[in-house]
Amino acid sequence: MASAADEELAASKTDGFKVGEKKTVEEYAKLDQNDESLNRWKASLGISSSPALPVDPKDTRRCVIHSLALEVAGRPDITIDLSIPGALQSLKTKPFTIKEGAKFRMKATFKVQHDVLSGLKYIQVVKRKGIRVSKDEEMLGSYAPNTEEKPIYEKKFAEDEAPSGMLARGHYEAASRFVDDDDNDHLKFDWSFDIAKDWK
């Protein structure tokens, strides 16, 4: 049985939508090679003739999130390098500060390995004093395994605006997950931030 926290982070479902039949990169590459529109779609996925990056066969992950960053115009990015041991744990215990009313966006860098990743989504639930104040879900897209030509993907999320005013200031707890169409978790983590009058 799913916990309440798991249910809060569940991806939304579209009635009648069924995930398509799984195919390998090679099967997609050979699919209707003379169909111009299908070839454009395959190119948008990153399916190309460029050699695939070598992958450790013992590493079964399909999507590896390398970094998360908070991007604010006129300020240096706040970047969390997830290859550093303890980086995810520090997100919860060492909150970062966002100035009230500031416009910002998140961005993620990641790589895809082994097979096509279908329908990657980012889901986030934010709470203040235990009460949910928002739930956001952003479709990031579908991606082919990285190649020498495209060794890493970077995805910038939609711009957001921090709340403002005396009542909005304070500490917030968040839970986030990267999930695909098959409901496979690629990264799940808790983190926290503070809304303040100014940047720290």
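Helices here are DSSP runs of H or I with at least four residues, strands are runs of E with at least two, and both are numbered from the N terminus. With that in hand, let's walk through this structure, which is a predicted model.

**Starting at Pro95**

Where does Pro95 sit? Its place is the loop between helix 4 (87-93) and strand 3. Buried means under 20% relative accessible area and exposed means over 50%, so Pro95, at 32%, counts as partly exposed. Leaving aside residues up to four places away in sequence, Pro95 touches His171, Ser192, Phe193 and Asp194. There's also a long hop along the chain here: Pro95 and Trp191 are 96 residues apart, yet their C-alpha atoms are separated by 7.2 Å.

**The sheet**

Next comes an open sheet of 5 strands, in the order 3-10-9-5-6, with mixed pairing. Which strands stand at the edges? They are strand 3 (96-99) and strand 6 (131-143); each has a single partner strand, so one side of each is left without a neighbour in the sheet. From one strand to the next, the twist averages 25 degrees.

Now look at strand 5 (residues 117-128) and its link to strand 6: the two run antiparallel and are joined by 10 bridges. They form a hairpin with 2 residues between them, and Lys129 in that turn has a positive phi of about 55 degrees. You can follow the pairing residue by residue, too. Leu117 has Tyr143 of strand 6 as its bridge partner, while Ile123 stands opposite Glu137 in strand 6.

**The nonpolar cores**

General background first: in soluble globular proteins, nonpolar side chains tend to be buried together. In this model, the largest nonpolar core has 36 residues, and the ones touching the most other members are Ile98, Phe178 and Phe193. Phe193 is also one of the residues that Pro95 touches. Plenty of elements chip in at least two residues each to this core, among them strand 1 (63-71), helix 4, strand 4 (103-112), strand 9 (170-179) and strand 10 (185-196). A second, separate core has 6 residues, including Leu9, Ala11, Ile123 and Val125. So Ile123, which we met opposite Glu137, turns up again in that second core.

**Empty space**

Here are the two spaces side by side.

| Space | Volume | Top contributor to the lining |
|---|---|---|
| Largest pocket | About 430 Å³ | Strand 6, 5 residues |
| Largest cavity | About 130 Å³ | Strand 1, 3 residues |

The largest pocket is lined by 25 residues, and the closest to its centre are Phe104, Gln124, Val126, Asp136 and Asp160. At least two lining residues come from each of strand 3, strand 4, strand 5, strand 6, strand 8 (160-161) and strand 10.

How many cavities of 30 Å³ or more are there? The count comes to 1. Its lining includes Leu68, Ala69 and Leu70, along with Ile78, Ile80, Leu91, Phe96, Met106, Tyr122, Phe189 and Trp191. Strand 1, strand 2 (78-81) and strand 10 are the elements giving two or more residues to that lining. Trp191, whose C-alpha atom we compared with that of Pro95, is one of the residues lining this cavity.

Notes
Residues numbered from 1 in each chain as written. Predicted model: local features only at pLDDT ≥ 70, side-chain atom pairs only at ≥ 80, totals over all residues. Heavy atoms only, no water. Pairing = 2+ DSSP bridges. Axes fitted to C-alpha atoms, helices over the stretch in contact; angles between N-to-C directions. Buried < 20%, exposed > 50% of the residue type's maximum accessible area, 1.4 Å probe, protein only. Contact = heavy atoms within 4.5 Å. Core = buried A, V, L, I, M, F, W, Y, C linked by side-chain atoms within 4.5 Å. 1 Å grid on protein atoms, 1.4 Å probe; cavity = no way out; pocket = protein on both sides within 12 Å on 5 of 7 lines; lining within 4 Å. Points joined across faces, edges and corners; volume = space filled by probe spheres on them.
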